[in-house]
Amino acid sequence: WSGNNFPWTKKLEANNKKVFGNHSFRLNQREVINATMSGYDVFVLMPTGGGKSLTYQLPALICPGVTLVISPLVSLIQDQIMHLLQANIPAAYLSANMEWTEQQEIFRELNSEYCKYKLLYVTPEKVAKSDVLLRQLENLNARQLLARIVIDEAHCVSQWGHDFRPDYQALGILKQKFPNTPVLALTATATASVKEDVVQALGLVNCIVFRQSFNRPNLWYSVIPKTKKCLDDIDKFIKENHYDESGIIYCLSRMDCEKVAERLQECGHKAAFYHGSMDPAQRAFVQKQWSKDEINIICATVAFGMGINKPDVRFVIHHSLPKSIEGYHQECGRAGRDGQRSSCVLYYSYSDYIRVKHMISQGVIEQSPLASGYNRSNTANSGRVLETNTENLLRMVSYCENDVDCRRILQLIHLGEKFDCTTCKKTCDNCLKIKSFMEKDVTGIAKQLVELVKLTGQQFSSSHILEVYRGSFSQFVKKHRHQTVTLHGVGKHLAKGEASRVLRHLVTEDLLSEEVKKSDVYGSVSSILKVNELKACELFSGRKTILIRSVHYY
Ligand code: ADP
């Protein structure tokens, strides 16, 4: 797809320079554009700031007809429209809370013989709830003027993702109604299971996938035990490493944001708080002050961060446990956009795990703006959603408790990417403190775990398999009578976290894979472990050994 002799190549290059002011294409941009302009359904995984917008705005400009863009937040849409209009590209948007007369005007233009719009942005709610819009799209399609359908932040389609938004699920209707219109799905965060789930839910056919490494070499990761002195530690860390520099401190609750900000102010920092119960004007004011460096530190819930393009954020601190590894990776990703060295520090205590778990089950945890407006505890399938959230949280706990493996490997496995730990170059706490590492043979444990996945019918999540292996008698274990399985409790003598490390390793080695299971009439999903029989044969026949890191500390 990297070729430059497609019929549109000349036009593409000329417009990239003339209209968008770019001298060249960034990684994968040309490839994505060539694939979508050839008429294929395309799924793009590109980190934030990678340049996803150009991959549909440039084709929209040079193709006849209108490109429909589904985007989750009106504020993001308005920002995009402003940039497009500045570049003289006609674009409009429709959202649920727009005046009817304003909407009528846009519909009139869409119906006109020479519709001037090149791009039409809509929120997912609009697609899910507006028959008028669907009829309008049918009309455009009949006139061969529906050029392409773009789904931005496509991971919101999946319940297995950390920003699930129910209205995104209704988008499957677009491919049913317009099977010949190419769909371009874009996201900066998706595990392999999320990607699969999105492709299925949207009904993408022979989809071409572009993904690039999510490793951010300039970010330095560490996890620090959280004690009562946590705020003193944060104050000291910032003074010693990032004095007067820009940073974000993610906190769990609104009260935490206010407490942390107040304490840092007392310590002489220019800090402010930001959370969902402030009014929008107040929030916008704080964000502006921070963007202009009038304050350095923003203490925020995950409500803060979407669409923020400040290049010189030098640190992201997590004052409490994040809800999932994808969420954590995305929040850290707001640091160091300019490529300069930046710190990502997470303060971890087991009691925070209990607290987050409780807040999730009560539905009182603040969500990112992508997922907000949807109260998980009120849905008919809340039991399943809760299970998924708990599984995500448990993985985050094992990330924090792992004091051996490279942090980059641990994050990237989760995003479906293999990573060679020597490339970390001691930029995470675990790689830094290890003088040398030897390999430890854990083939025996690996065989038991694979066997256990088979014995329980390849229907359960990794945390359940680990529970059975460690000999748990929890209600869920008993409900499935897994206390009677021969390998129940065989791993109870192992050091804390070891079985979990071996299990993760088996996923990276492709011996086990995580698949999405659609569970019930509500179509909710969970992730279950399956055995790759071919690789398992190599393991059981003795042709394959499993080695994990065993360390010598400095
Ligand atoms: P994403 O949506 O992937 O987060 P954007 O589409 O917002 O990223 O692009 C991020 C920034 O990169 C924007 O300021 C955009 O103008 C710029 N950009 C995109 N493509 C190019 C390119 N080929 N050359 C230079 N700058 C680019």
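Ile317 stands opposite Val345 in β13. Four parallel bridges join strand β12 (residues 313-318) to strand β13 (residues 342-348). Strands here are DSSP runs of E with at least two residues, helices are runs of H or I with at least four, and both are numbered from the N terminus. Two strands count as paired if DSSP finds at least two bridges between them.

This is a predicted model, in which local features need pLDDT of at least 70, side-chain atom pairs count only at pLDDT 80 or more, and totals for chains, interfaces and linings use all residues. Residues are numbered from 1 along each chain as its sequence is written.

**The six-stranded sheet**

β12 and β13 belong to an open sheet of six strands, ordered β8-β13-β12-β9-β11-β10, with parallel pairing. β8 (219-225) and β10 (271-274) stand at the edges; each has a single partner strand, so one side of each is left without a neighbour in the sheet. From one strand to the next, the twist averages 15°. Angles run from 0 to 180 degrees between N-to-C directions, and axes are lines fitted to C-alpha atoms, for helices over the stretch in contact.

Helix α11 (residues 230-241) packs on this sheet and touches β8, β9 (246-250), β12 and β13. Its direction makes about 170° with that of β13. Contact means that the C-beta atoms of two residues, placed from the backbone, lie within 7 Å.

β9 pairs with two strands listed here. Five parallel bridges join β9 to β12, where the bridge partner of Ile248 is Val316. Four bridges link β9 to strand β11 (residues 297-300), again in the parallel sense. On that side, Ile249 stands opposite Cys299.

Five of the five residues of β9 are buried, so β9 is largely enclosed by the rest of the structure. A residue is buried if 20 or more other C-beta atoms lie within 10 Å of its own, exposed if 12 or fewer, and partly exposed in between, with C-beta atoms placed from the backbone. Both faces of β9 are covered: Ser246, Ile248 and Tyr250 lie on one side, Gly247 and Ile249 on the other.

**The seven-stranded sheet**

A second open sheet has seven strands in the order β3-β4-β2-β5-β6-β1-β7, and its pairing is parallel. Its edges are β3 (91-94) and β7 (208-211); each has a single partner strand, so one side of each is left without a neighbour in the sheet. Here the twist averages 20° from one strand to the next.

Three parallel bridges join β5 (residues 146-151) to β6 (residues 183-187). Ile151 stands opposite Ala185 in β6. Two helices pack on this sheet. Helix α2 (residues 29-37) touches β1 (42-45), β5, β6 and β7, and its direction makes about 165° with that of β1. Helix α10 (residues 192-202) touches β1, β5 and β6, and its direction makes about 150° with that of β6.

β5 also pairs with β2 (residues 66-70), through five parallel bridges. Val69 has Val150 in β5 as its bridge partner. β5 is mostly covered, with six of its six residues buried.

Eight of the eleven residues of α10 are buried, so α10 is largely enclosed by the rest of the structure. Among them are Val194, Lys195, Asp197 and Leu202. Gly203 follows α10, with a positive phi near 70°.

The bridged residues named above are gathered here.

| Strand pair | Bridges | Opposed residues |
|---|---|---|
| β12 and β13 | four | Ile317 and Val345 |
| β9 and β12 | five | Ile248 and Val316 |
| β9 and β11 | four | Ile249 and Cys299 |
| β5 and β6 | three | Ile151 and Ala185 |
| β2 and β5 | five | Val69 and Val150 |

**Helix α15**

Helix α15 (residues 350-362) has 13 residues. From its first C-alpha to its last it reaches 19 Å, close to the 18 Å expected at 1.5 Å a residue. That expected span is 1.5 Å times one less than the number of residues. Gly363 follows α15, and its phi is positive, near 70°.

Val356 is found in α15. Val356 is buried, with 21 other C-beta atoms within 10 Å. Not counting residues up to four places away in sequence, Val356 touches Leu252, Ser320, Leu321, Lys323, Ile365 and Leu393. Val356 and Val32 are 324 residues apart in sequence and 39 Å apart in space, C-alpha to C-alpha.

**The ligand shell**

Residues around the ligand include Asn22, Phe25, Arg26, Gln29, Met46, Thr48, Lys52 and Leu54. A residue is near the ligand if its C-beta atom, placed from the backbone, lies within 6 Å of it. The shell divides into three nonpolar, seven polar and two charged residues. Ala, Val, Leu, Ile, Met, Phe, Trp, Tyr, Cys and Pro count as nonpolar, Asp, Glu, Lys and Arg as charged, and the others, Gly among them, as polar.
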